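Student: I should like to go through this model and ask, for each label, what justifies it. Could we begin once the structure is in view?

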Amino acid sequence: MSDRAREFIDFWVENSIHAVEQDHTAGASQDVPELSRRLIEAAKGQGIPEADLRAAIGDIAAYIEELLRAANSERRRPT
């Protein structure tokens, strides 16, 4: 795994993975295949091959799905 790939993934996640809007209006995408494609394309644009992403996080779709689940769960948690 390259440190560059891991840093890119962390940056991308921070800017791309968000909880669903409270009133379910249009907002952050919750579509795992779309987000997976976006991550792969963004990484390619930075010269990071998909293989490096997979080496860093394993199954890309499963990773994104888990992050969405966590973000949505955190949003529902009372403060």
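**Labels and their grounds**

Tutor: Arginine 38 has a relative accessible area of 36% and is therefore partly exposed. Please keep in mind throughout that this is a predicted model.

Student: Why is arginine 38 called partly exposed?

Tutor: Buried requires under 20% relative accessible area and exposed requires over 50%, with partly exposed in between. The value for arginine 38 is 36%, so the residue counts as partly exposed.

Student: What makes the pairing of arginine 38 with glutamate 34 a salt bridge?

Tutor: The criterion is a side-chain nitrogen of Lys or Arg within 4 Å of a carboxyl oxygen of Asp or Glu. For arginine 38 and glutamate 34, the closest N and O atoms are 2.0 Å apart, and the pair therefore satisfies the definition. Side chains of opposite charge can pair when their charged atoms come close.

Student: Why are arginine 38 and glutamate 34 said to be separated by about one helical turn?

Tutor: The two residues are four residues apart in helix α2, which means a separation of about one helical turn. Glutamate 34 has 25% relative accessibility and so counts as partly exposed.

Student: Which residue forms a salt bridge with arginine 54?

Tutor: The partner is glutamate 50, with the closest N and O atoms 2.6 Å apart. Both residues lie in helix α3, four residues apart, about one turn of the helix. Arginine 54 has 40% relative accessibility and is therefore partly exposed; glutamate 50, at 24%, also counts as partly exposed.

Student: How do you know that glutamate 65 and arginine 69 form a salt bridge?

Tutor: Their N to O distance is 3.6 Å, and the cut-off is within 4 Å, so the pair qualifies. Glutamate 65 and arginine 69 lie four residues apart in helix α4 (residues 60-76). Glutamate 65 has a relative accessible area of 39% and is partly exposed, while arginine 69 counts as partly exposed at 46%. Glu65, Glu66 and Arg69 are linked in a network of salt bridges.

Student: How many salt bridges does the structure hold?

Tutor: The structure holds six salt bridges.

Student: Is serine 36 buried or exposed, and why?

Tutor: Serine 36 has 9% relative accessibility. The limit for buried is under 20%, so that label applies. Serine 36 is placed in helix α2 (residues 32-45). Leaving aside residues up to four places away in sequence, serine 36 touches Ile60, Ala61 and Ile64.

Student: What angle do helices α1 and α3 make, and why does it earn the label "roughly perpendicular"?

Tutor: The axes of helix α1 (residues 3-16) and helix α3 (residues 50-57) cross at roughly 80° and come within 9 Å. That makes α1 roughly perpendicular to α3, because angles of 65 to 115 degrees receive this label. Ala5, Arg6 and Ile9 of α1 make the contact with Asp52, Leu53, Ala56 and Ile57 of α3. By class, this contact of α1 with α3 has five nonpolar, no polar and two charged residues.

Student: What pattern does the protein follow along the sequence?

Tutor: The pattern is α-α-α-α, and the protein has four helices and zero strands. Of its 79 residues, 29% count as buried. Among contacts with a separation of 6 or more, 69% are between residues 24 or more positions apart. The accessible surface comes to about 5200 Å², of which 48% belongs to carbon and sulfur atoms.

Definitions and conventions: Residues numbered from 1 in each chain as written. Predicted model: local features only at pLDDT ≥ 70, side-chain atom pairs only at ≥ 80, totals over all residues. Heavy atoms only, no water. Axes fitted to C-alpha atoms, helices over the stretch in contact; angles between N-to-C directions. Parallel < 35°, antiparallel > 145°, perpendicular 65-115°, else oblique. Contact = heavy atoms within 4.5 Å. Nonpolar A, V, L, I, M, F, W, Y, C, P; charged D, E, K, R; others polar. Buried < 20%, exposed > 50% of the residue type's maximum accessible area, 1.4 Å probe, protein only. Areas by Shrake-Rupley, 256 points an atom, 1.4 Å probe, with all protein chains shown as cover.
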